[in-house]
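Let's take a friendly tour of how some helices pack in this protein, and of the empty space left inside. Have the model open as you read.

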Amino acid sequence: MSVAPDPALVAGLDSWRSMQARQQPAWPDAAAVEQVSRELSALPPLVFAGEADVLTARLAAAGRGEAFLLQGGDCAETFAEATADNIRNKIKTILQMAVVLTYGASLPVIKMGRMAGQYAKPRSSDDETRDGVTLPAYRGDAVNAHAFTPQERIPDPRRLLDAYHRSSATLNLIRAFTTGGFADLRRVHEWNRGFLANKAYAQYEATAEQIDRAIRFMAACGADFDALRTVEFFSSHEALLLDYERALTRIDSRTGTAYDCSAHFLWIGERTRQLDGAHVDFLSRVRNPIGVKLGPTTSADDALALMDKLNPSDVPGRLTFITRMGAGRIREALPQLVEKVTASGRPVTWVCDPMHGNTITSDSGYKTRRLADVLDEVRGFFEVHRAVGSVPGGLHVELTGDDVTEVLGGSEEIDDAGLALRYETLVDPRLNHQQSLEMAFQVAEMIRQG
């Protein structure tokens, strides 16, 4: 039997429209946005409320130290790269990292992709100027195109429909890969095929061999391995474009409450986490597990106020704080946050985003990061939590399954000149497949030491 929603709850889902909504496109035609919103509202949900509830329970376990979240994927997905090969390679990379973490740290790993919806990005400026020509900034394929022409840079709400259909196709592939045998743990060696031989892959092969040996031992003991055939894999993206998120919000027939069915997990960015802002208000009204990015200027009082607004009932797993401080600041900026939140006794899952605080410009002009800085921020994250006695619950990284050259360092020793070889991102630099594996081995060691 369906539970009727509270009319006040439904009305509240549109309260954000009367608030300041930052980082929204300057849509040229309001009627066109309304038409697209109506079309999106009539389409099937991309995920289901019950799946989001399962993730809430998993994240609660991570907050208690009984599991670890691995969240990874592109800085910004593009329509052109939503291909079967690219999606498979990203899933493969996350699965391999999860195997390394699970085996190395003896802890269940929650697998989550920045996938199937990460088609919009906040920008520091509304405009971009090249050679004296000023056009609207590229805000992701859900808004406009990357090509620097007046026609391509005009925000087009029909792209929201394209984002929905690409996300639907991506989720179909994710479900096929993770439930159809591809993710079977007994295929850990096969996930490494097609990649060049190097130190990180040799280390992975050694781990895979140890897992094989353990599985053969358990099989000889009569163990049932049905649970190894499939994995849970959750989708996530930044809930940036509120017209899109509102249109994909549905009322759960079981409970009469609202879920944003564009993804299992949504997060609020550092630029849009104002307590009186539209993004915080909207996500406070849906029951998905949600995250908030916290930069180095965040105060402990800010964090507690966000908890009051976004999780007033203190539901474990409902709220995740994703810290993005920078390697040079995390050890001084994070402790006061963690200490005060921990002292409150309220549930929150702490996750480290070591990417966004470590962006630099190389001598040759590329936007990049150093793998050493990324790893140092993760190390600082663990050090702070160990000192306070709280739980480091997860890792949030920008990565790709391809052999790009966008981040400096690693065992390949990518240098400034090497960035030009395969620098493919349209927005932020990503760890390549090998660097992602290197990170997994080091983080597994950090968890073990914790």
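## An oblique helix pair

Helices α4 and α6 are oblique to each other, because their axes cross at roughly 50° and this angle falls outside the ranges for roughly parallel, roughly antiparallel and roughly perpendicular. This is a predicted model, so please read everything here with that in mind. Helix α4 covers residues 84–105 and helix α6 covers residues 158–179, and their axes come within 10 Å. The crossing of the two is right-handed.

If you would like to look at the contact itself, α4 brings A84, I87, R88 and I91 to it, while α6 brings T170, L173, I174, F177 and T178. By class, the contact of α4 with α6 has six nonpolar residues, two polar ones and one charged one.

## A roughly parallel pair

Further along the chain, have a look at helix α12 (residues 371–388) and helix α13 (residues 433–449), whose axes come within 11 Å. Their crossing angle is roughly 20°, and α12 and α13 are therefore roughly parallel to each other, since the limit for that label is 35 degrees. The crossing of α12 and α13 is right-handed.

On the α12 side, you will find L371, V374, L375, V378, R379, F382 and R386 in the contact. They meet Q435, E438, M439, Q442, V443, M446, I447 and Q449 of α13. The contact of α12 with α13 is made up of nine nonpolar, three polar and three charged residues.

## Space inside

Now for the gaps: how many cavities of 30 Å³ or more are there? The count comes to three. The largest cavity has a volume of about 60 Å³, and its lining consists of G117, Y119, A120, A142, A163, H237, E238, L241, Y244 and E245. Two elements, β5 (234–238) and α8 (242–247), each supply at least two residues of that lining. Sorted by class, the lining of the largest cavity holds six nonpolar, two polar and two charged residues.

The second largest cavity has a volume of about 40 Å³. Around it you will see D74, E77, T78, E81, A82, I87, K90, Y119 and T170. This lining of the second largest cavity divides into three nonpolar, two polar and four charged residues.

## Where the pictures meet

Some residues turn up twice on this tour. I87 and T170 line the second largest cavity and also take part in the contact between α4 and α6. Y119 is in the lining of the largest cavity and in that of the second largest cavity.

Key. Residues numbered from 1 in each chain as written. Predicted model: local features only at pLDDT ≥ 70, side-chain atom pairs only at ≥ 80, totals over all residues. Heavy atoms only, no water. 1 Å grid on protein atoms, 1.4 Å probe; cavity = no way out; pocket = protein on both sides within 12 Å on 5 of 7 lines; lining within 4 Å. Points joined across faces, edges and corners; volume = space filled by probe spheres on them. Helix = DSSP H or I, 4+ residues; strand = E, 2+ residues; numbered from the N terminus. Nonpolar A, V, L, I, M, F, W, Y, C, P; charged D, E, K, R; others polar. Axes fitted to C-alpha atoms, helices over the stretch in contact; angles between N-to-C directions. Parallel < 35°, antiparallel > 145°, perpendicular 65-115°, else oblique. Left-handed = near helix turned anticlockwise from the far one by under 90°. Contact = heavy atoms within 4.5 Å.
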